[in-house]
Amino acid sequence: MGLIGSSSDRLRGLRRVLTVLFTAMNALGLVVFAWLLIDADAADGRQRLDAELSRISSTILRLIEADGRYEANDPLNDRCPQFAVVPVEPMRFAQYTSKRPCVAVDESLPRALAAEAVGKRAPVAGYRKALDGKEIRVMAEPFRVRTGEYVGAVVALADAEPEASRHNRMLLQVSGGCAVLIGGLGLAGHVLAGRAMRPATSALREQELMLGEVAHDLRAPVAKLRVLAETAQRHPDLRPELLPRAVKLASEMGGIIDGSLLRARVASGAEKLAVEPVWLDQLVEGMVEDTPADGKAVTVTTQAAKVDADPVLLRRAIRNLLVNAIRHAESGVRVSVLADGRVLVADDGPGVDPEITAKMFEPFASGGGSSGLGLGIVRWVALAHGGTLRVFNAEDGGAIFELALNVSRMDRPS
């Protein structure tokens, strides 16, 4: 159990590692994608602002006089964004500023932008601060007169706060979505890691069950074999009589081990059931004869019934039902085999507590002083054959276990 527990702990640790790796790798990709999306949105916002500013400046440039003066009464004068026609040399012409003030800026800002654009002989765009601390987007586009000389620039200024607010909302939405998705990825990683490790966990569970089942089923035969050996050692004259019994017990123990290994292989998918037509009534009668009654009276009534089953596993299931009934019976056990493939094993003991009926077939949880492995094996054999196992109390007292199997295909009515 210590080894199983240690292996289970390592599997749980591995599951956590796989969950973290899965979440981290997907989260990294998600963060990179989100960063690219946010950066693209910011660039798109700048392009929208620059397109609006360029529309203003290009319109004003077409209206500038040959000497650099702007005196047109264009509707853009009363709209936002605002603009200014700024001379590099104030003596050439007077600076013109649109009538509607959309952003409050220092008077030196348009002149500085115009000087920079004329100096570079190329448009200049960027973010600046207004007098009230708000962020604004600016663009200065130089122009020249007929002589080819650059004499000034059209400076357009737009409030960048609405676009920044929209971008910030988008940033919050993307960040919140990423947080939710990363949490979902963590949960999905945990589930996927659990599913990926389910075969290993199931194998460990089957190993634990197999070890418990072998110990459970070998306990009685080993004790009897020891008694036979000690008796033969003390009484050499009885050895001819005791030796065949010892050989039979050894064979029974080998069958138990083979059955446990077979169950483990079948449960893991490494091997399939060796299903064949089996005369259920004959098998049950043989198992009753081979199972020690411990002084209890065991009566058998049978009807001819042929079922499709693995005979090794079916013998083990019947034996476990008999041993369980004999253990709890006060004086007798009744075994019935019906033609429809049902086996009824009834005892005259105290019966079963309805509160533990649902759990009594679970390993290590049956109550009643037993490990529960014996009945758990019976239920597994029933389910593996497409049958059922149920328990109920008789009206006159005692418990009745019903193992129902499928009748052989050859004997089914057409």
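Let me begin with a definition: two strands count as paired if DSSP finds at least two bridges between them. I start there because the part of this model I would like to show you first is a strand pair, and please keep in mind throughout that the model is predicted.

The pair in question is β11, residues 388-393, with β12, residues 399-404, and the two run in the antiparallel sense over six bridges. Within that ladder, Val391 stands opposite Phe401 in β12. The connection makes this a hairpin, with five residues between β11 and β12, and in that turn Gly397 has a positive phi of about 100 degrees.

Let me step back to the whole chain for a moment. It contains eight helices and twelve strands, and of its 414 residues, 41% count as buried. If we take the contacts with a separation of 6 or more, residues 24 or more positions apart account for 64% of them. The chain exposes about 23000 Å², and carbon and sulfur atoms supply 57% of that area.

Now to the helices, where I would like to look at one packing arrangement with some care. The axes of α6, residues 280-290, and α7, residues 311-328, come within 10 Å and cross at roughly 50 degrees. That angle makes α6 oblique to α7, and the crossing in which α6 passes α7 is right-handed. Which residues meet there? On the α6 side they are Leu280, Leu283, Val284, Met287 and Val288, and on the α7 side they are Pro311, Leu314, Arg315, Ile318, Arg319 and Leu322.

Finally, some backbone geometry that you may wish to check on the structure above. Following α6, in the loop that leads to β7, residues 297-302, we find Asp294, which has a positive phi of about 55 degrees although it is not a glycine. Is Asp294 buried or exposed? With a relative accessible area of 64%, Asp294 is exposed, because the cut-off for that class is over 50%.

A second residue of this kind is Arg121, in the loop between α2, residues 108-120, and β3, residues 124-129. Arg121 is likewise not a glycine and has a positive phi of about 55 degrees, and at 60% relative accessibility it counts as exposed.

The last item is a peptide bond: the one from Cys80 to Pro81 is cis, with omega near 5 degrees. As for its place in the chain, Pro81 lies in the loop between α1, residues 2-63, and β1, residues 82-87.

Note on methods:
Residues numbered from 1 in each chain as written. Predicted model: local features only at pLDDT ≥ 70, side-chain atom pairs only at ≥ 80, totals over all residues. Heavy atoms only, no water. Helix = DSSP H or I, 4+ residues; strand = E, 2+ residues; numbered from the N terminus. Buried < 20%, exposed > 50% of the residue type's maximum accessible area, 1.4 Å probe, protein only. Contact = heavy atoms within 4.5 Å. Areas by Shrake-Rupley, 256 points an atom, 1.4 Å probe, with all protein chains shown as cover. Axes fitted to C-alpha atoms, helices over the stretch in contact; angles between N-to-C directions. Parallel < 35°, antiparallel > 145°, perpendicular 65-115°, else oblique. Left-handed = near helix turned anticlockwise from the far one by under 90°.
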